[in-house]
Amino acid sequence: MKIKYFLVLAICTIIQTHQVIAADYEKVAEKKLFNGEVLTEYKLPNGLKVILLPRHEAKVLTFQTWFDIGSLDEKMDAKLKKTGLAHLFEHMMFRGTDKYPDGKFDELTSRMGSDKQNATTYFYRTNYYESIPSNQLKKLLELESDRMANLKLDAALLEKEKGAVVGELRRALDNPGRIAWDELNRTVFEVAPFRYTVIGTEEEIKGFSFEEAQYFYKTFYAPNNATIIVVGDTNEEELMKWVVKYYGDMKSQEIPRYKMPEEPAQKKERRVEKTHPQATSDILLVGYRIPPVNSPDIVSLSLLSTHLSTGMEARLRKALVDSGIAVSAGCGISNVPDYLEFSVSLSEKHKAEEALEIIDREVNLVKSQTVKKDEFDRALNQELLSLYNMIEDNSSMANMLGDYLMVSGDYMRGFEIIDQFKKLKPADLKSVAKKYLNKESRSIVIVRPPSKKSSRS
Amino acid sequence: MLRTTLLCVVLSAFAFGKSKVSFRAAPPSQNGVPAAPIVFYERNPSGLTSDVSVIVMTGSIEDPLDKVGLSNLVAEMVLRGTQKMSREKFQSELERIGGSLSAVVSMDTIQFSGSVIKENNKKFLALLEEALLHPAFNEKDFLELKREILNDIVHVKNSNGRLGGLAARREIFKGTALEKPGFGSKSTIEKISLADVQRRYNDFFDRPKIVFAAAAPFPESEMLDAFAQIWRQFPDGSKPTKKIVNLKVPEKPVLIVVDKPKTSTGSLFFAQAGISIQDPERYTLNTGNFSFGGEPLVSRLFRIVRGELGWTYAIGSSYSALGGLSGQQGLYTISSTPSVEYTSKTIFKILEMWKSYLDEGLSSDELDLAKDSLINSYPFEFETAAKRVSHKLTSYLYNVPILTPEEFAEKIGDISNRKLKSALKEKQKANGWIIALVADKDVVAKDLEEYQKDLPKDQRLTISKVYTPDELVN
């Protein structure tokens, strides 16, 4: 899944911090959100973090488990040095324990009425999620804790699951847009492991051994490497009672941490072109290197990307889609990997170069002219609308908290960013455009259809 | 992205427990037209946005056969400027106040849905009124829109999953407006004129066909008065018609290939006749389908074809592949994306599993699983104000009851395997499949030949038609 940072408005007040409730767990922080809701963070002695946002409108809740492990870690791990296992392993987490053998987890969560149950893996994290009727919380905690602590890896099942993952990979390989994005990561990063795909290669997937899978599980699936996020119809007393019961006995362990190779500063524009047999028109991606999510400049860069691409009146849409040059045109911030990305799907009769020229024109405009007040307000209010629509949904809210926690170390970072939006001035957008949107720090990827002669050769 | 896929919030009201729901349907006037608008509303005091839908009871099923996409063009043109405001001015103002507004056209509805930050609700409703009642229908905007839609249509060639659906519906809905998707095709869009759009708007945007639905933090009277003001300005008209079309289903499986050279997966789309929302067997069939193929992770198709055989990443079945159930009989579909070397195997495995399902229904474990899951997950259907309003709206549009949790549990609890087998026998065909496969035709032909070499001739599948992606979007 590719990250889109949902930016969030809030005035968050820290009410309490580090209050020890009982020896069983500690209340780390309690924070009031701008809409009056109160979010609380807890921690077990074994390092497991729990974030709770109670909501009682309906008798349902979303439960998510986030592990601070993704494809970056496995690529840097001295024993693995490849990617794809974090993702393959995510599949294996549904394949059974002694108590609940293969298929039983899915069957039982389904019987309890789970909704949107699944899991995802990305560069820096893996998450498991489901929404359930709130009266099923205890049973769900038993099941989730069981697979976290007692997964029974089975060599035969591992081989079968590799087939499904290869199918997933091949489906991605048939998608020219996905290939373009993989290529952008390979182009932007010369040494950092972002240049390797999360899912791995077919050779890597087929080559993972049973021992490597065991090593991965024992090393990274520990309570002190996990955060539980619950949004919905429960309360501290109920939730923490069962969390302590089911997770309290797990042992923390030493999680290997690796220093990301330092990416050398980019000094000139990079450009890659390739063809894809399934492409029917050009695809253009442009990535400008930007600072990490905790940089103050991210706030202005985020609003700048909204100004350029969100809504029917966004500048890119008008210049590229309304004109008939492109079918779609977008711009967004990606953090970890950190870049501001333009993506354009061209119409059949148009070439990527035309879109690039227009992107350059629009970038030059925001670098040379201050955004008009009306346009600035448009971007800000569109951000608010997007935020409001998102936080009303339990699982979207949990996703936002989890993603910011994993990417920045602070689950409230999204709320801070939106709060800071209100302090921005139109000139701030011009300032970050001048600072970061420069040709020498960008990478361009163009994926084109094959020539007609070669399409069946 | 196709404009018709720009989904937005669907709203409506329903009362379970403490939810406060309003439904206003006025007594009929002398000519049979209601004297006040039909409105479904739920006040959501803690809401940060106002979410509004306006439904016009006409859809793509009523498009002329050679002008499929007309309803969609009408819906989009309503949002492209008004008599007082250019498209740019209208859209800029809408977005500046923190609003969004879009249209979705289904077989039998045009739904305008919008959302705005609550501080600007009144300004939003004024813009909505202006758009619905006084669209500009400007020639330049119309030509731009047509170009944009044509680009979107051509771009569908990039989506193997959608190409399979296009191929299947061409056969099953042949000779009707539904043989092409609601956004039309290149040839049908090119034939539509601005005069066609204006005529369609004049013919169908009238009081009897318009329904309002909303969830917002404001008092009921405030929203209902605003809707009444809009509604009163529409002309009188005739009641909506309920047009339906018949499906053409083959007696034996028909394999159609959409030729995409050098794919590493095959995109499979099985289709046969499904059900309408009013079908008395819909609860039974949906319950059966849950465990046969409807629910990822636990369904029989998923467990066997992915979990045990590892031939594919994705496989599933559905009664609502063309959108939610409606008054029109829809399709029952099974779709999958096996790795290309497993394509033939997957086709025959699906056919074998389908026959077994029709003959035997579900095991008691599978049936219990489906029943438990459907009953226990029913609260999610009414989780938010938007979902509650949506159910109420559907209930009104199609005259189907909304079941309370107790009624739903009783209904689902009563389903037995005997009932399921009986419903399957009555509604589904053992062999009546259109099988659309998007893959390299040469690879498919070779793979099929190899796989079927030991099969008796009468059990073999042959490729009955090959489409190019260009043909399907034309």
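**A walk through chain B**

Take the contacts in chain B between residues at least 6 apart in sequence, where a contact means two C-beta atoms, placed from the backbone, within 7 Å: 81% of them join residues at least 24 apart. This is a predicted model, where local features need pLDDT of at least 70, side-chain atom pairs count only at pLDDT 80 or more, and totals for chains, interfaces and linings use all residues. Residues are numbered from 1 along each chain as its sequence is written, while chains are lettered from A and ligands numbered from 1 in the order in which they are written.

Chain B has 17 helices and 12 strands, counted as DSSP runs numbered from the N terminus (helices are H or I, at least four residues; strands are E, at least two). Its radius of gyration, taken over C-alpha atoms, is 24 Å, close to the 23 Å from the globule rule for 474 residues, so chain B is as compact as a globular protein of that length. That rule is 2.2 Å times the number of residues to the power 0.38.

Now for the domains. An automatic or database assignment splits out domain 1 (3–232) and domain 2 (254–473) of chain B, and their C-alpha centres lie 30 Å apart. Where they meet, 39 residues of domain 1 of chain B are in contact with 35 residues of domain 2 of chain B. On the domain 1 side, helix H5 (160–172) is one of the elements supplying at least two residues, and H5(B) gives the most, with 10 residues.
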